[in-house]
Amino acid sequence: MLKKALFALPLALAVGMPAHADMRENPADVLRHVINTLPDSVYLTQSEQNLMMMEDNPNLWTVEDGRELFYAERGPNNVSLETCDFGKGPGVLEGAYVEMPRFFADTGRVMDLESRLVHCMITIQGFAADDPAVRQRHGSNSDHMKLQSYITFQSNGLPWNPSLSHPLERAMRDAGEQLFYRRAGALDMSCQTCHEQEGKRIRASVLPSINQPAEWTKAISWPAFRVGHQNSRSTQHRVRGCYWQMRQGQIVAGSDASIALIAFWTDAARGQPAILPDMKR
């Protein structure tokens with residue numbers, strides 16, 4: 001499947017798509033590089049089957065679907081997303097995702113990829129906020145998952161480098177740190193409870209440590225194909241899943257709280273290569 005994505009380059013050139021769209025490194029090679037930096041990590045090497053399947057990650061099909069969707073003229077305004085600015089200029093996708101969340105002057109907010117995509121689908125393409133294209137966020141067949149997979153693929157192999165130049169970006173990162181270490185809920189747990197030490201487990205699954213950058217970059221590399229779900233999942237989906245597992249009050253997708261948490265955990269992986277798309281249990 002990866003070969004299918006890479007072989008799509010001549011087709012992209014033929015139809016006038018950006019040449020860099022399919023010139024990313026093989027995600028499996030990025031993962032192998034990360035493992036080589038920490039070969040004794042039980043978390044990174046816990047699933048031999050997943051490592052073998054990375055070359056045929058089903059999310060690579062979702063990437064291709066997302067590419068078609070990104071350049072398609074859609075919505076009431078019948079335009080593509082090529083004028084959407086993800087932080088590096090209208091239509092510039094390469095390296096945009098690894099620098100998010102970031103501040104956007106046109107909204108006055110720090111936004112992650114999902115919230116920025118919602119903004120562009122509504123303001124540029126004219127979709128209503130309750131249109132299924134905007135509202136449905138989860139599953140490989142959703143427009144959101146397709147578009148997020150394509151956009152994030154343009155950052156595969158690049159180092160995480162979230163912007164902290166604006167005061168609101170630093171404030172969101174600091175708020176996310178507070179949320180990460182804040183114990184609450186019926187189980188009195190925090191994110192730290194599971195992710196501060198190497199080798200911790202939930203049942204048979206080894207958990208990543210935020211203090212081990214090589215483990216943490218894999219942990220935050222979303223979208224990823226979840227083998228147990230048979231679907232591709234996003235960063236916001238992972239945040240929601242963690243809060244449910246901690247039995248804390250549910251966090252609202254796209255809220256400042258969810259974006260603050262993503263800002264903190266992305267900063268914690270700064271400098272490590274993003275594995276996009278990844279495959280997880």
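Helices (H or I, at least four residues) and strands (E, at least two) in these legends are DSSP runs, numbered from the N terminus. The model is predicted, so local features need pLDDT of at least 70 and side-chain atom pairs count only at pLDDT 80 or more, while totals for chains, interfaces and linings use all residues. Residues are numbered from 1 along each chain as its sequence is written, and side-chain values use heavy atoms, with hydrogens and water left out.

**View 1. The whole protein, with 13 helices and seven strands.** The radius of gyration, taken over C-alpha atoms, is judged against a globule rule of 2.2 Å times the number of residues to the power 0.38. Here the radius of gyration is 18 Å, close to the 19 Å that the rule gives for 281 residues, so the protein is as compact as a globular protein of that length. Measure along the principal axes and the C-alpha atoms fill a box of roughly 50 × 40 × 35 Å. Buried residues (under 20% relative accessible area; exposed is over 50%, partly exposed in between, with a 1.4 Å probe and protein chains only) make up 52% of the 281. Contact means heavy atoms within 4.5 Å. Of the contacts between residues at least 6 apart in sequence, 68% join residues at least 24 apart.

**View 2. The charged side chains, 29 positive and 31 negative.** Lys and Arg count as positive and Asp and Glu as negative, leaving out His and the chain ends. Each charge is placed at NZ of Lys, CZ of Arg, CG of Asp or CD of Glu. With that bookkeeping, the centres of the two sets lie 6 Å apart.

**View 3. The largest nonpolar core, with 62 residues.** A nonpolar core is a set of buried Ala, Val, Leu, Ile, Met, Phe, Trp, Tyr and Cys residues joined through side-chain atoms within 4.5 Å. Look for Phe70, Phe86, Met121, Ile151 and Trp216, which touch the most other members. Ile151 has contacts with Phe70, Phe86, Leu93, Leu113 and Leu117, leaving aside its neighbours within four places in sequence. In soluble globular proteins, nonpolar side chains tend to be buried together.

**View 4. Helix 8, a wrapped-up stretch covering residues 143-153.** Here 11 of the 11 residues are buried, so helix 8 is largely enclosed by the rest of the structure. The buried list isn't just nonpolar names: it includes Asp143, His144, Lys146 and Gln148, along with Ile151. Packed against these buried residues are helix 3 (27-37), helix 5 (59-71), helix 6 (113-123), helix 7 (132-135) and strand 6 (231-233).

**View 5. Asn59 and two cis peptide bonds.** Asn59 lies in helix 5 and is buried, with a relative accessible area of 1%. Skipping neighbours within four places in sequence, Asn59 is in contact with Ser149, Pro223, Phe225, Ser232 and Pro277. Both of those prolines follow a cis bond: Trp222 to Pro223 has omega near 5 degrees, and Leu276 to Pro277 has omega near 0 degrees. Pro223 sits in the loop between helix 11 (213-219) and strand 5 (224-226). Pro277 is in the loop between helix 13 and strand 7 (278-280).

**View 6. Trp265 in helix 13, residues 256-268.** Trp265 is buried, at a relative accessible area of 8%. Its contacts, apart from neighbours within four places in sequence, are Trp216, Ile220, Thr235, Arg238 and Val239. Trp216 is 49 residues away from Trp265 along the chain, yet their C-alpha atoms are separated by 8.3 Å.

**View 7. Val34 in helix 3.** Val34 counts as buried at 2% relative accessibility. Not counting residues up to four places away in sequence, Val34 touches Leu44, Ala214, Thr217, Pro273 and Ile275. Leu44 is 10 residues from Val34 along the chain, with 8.5 Å between their C-alpha atoms.

**View 8. Asn78 and Asp188, with positive phi.** Most residues other than glycine have a negative phi, and most peptide bonds are trans. Asn78 has phi near 50 degrees and is found in the loop between helix 5 and strand 1 (102-104). At 46% relative accessibility, Asn78 counts as partly exposed. Asp188 has a phi of about 50 degrees, and its place is the loop between helix 9 (167-181) and helix 10 (191-195). Asp188 is partly exposed too, with 39% relative accessibility.
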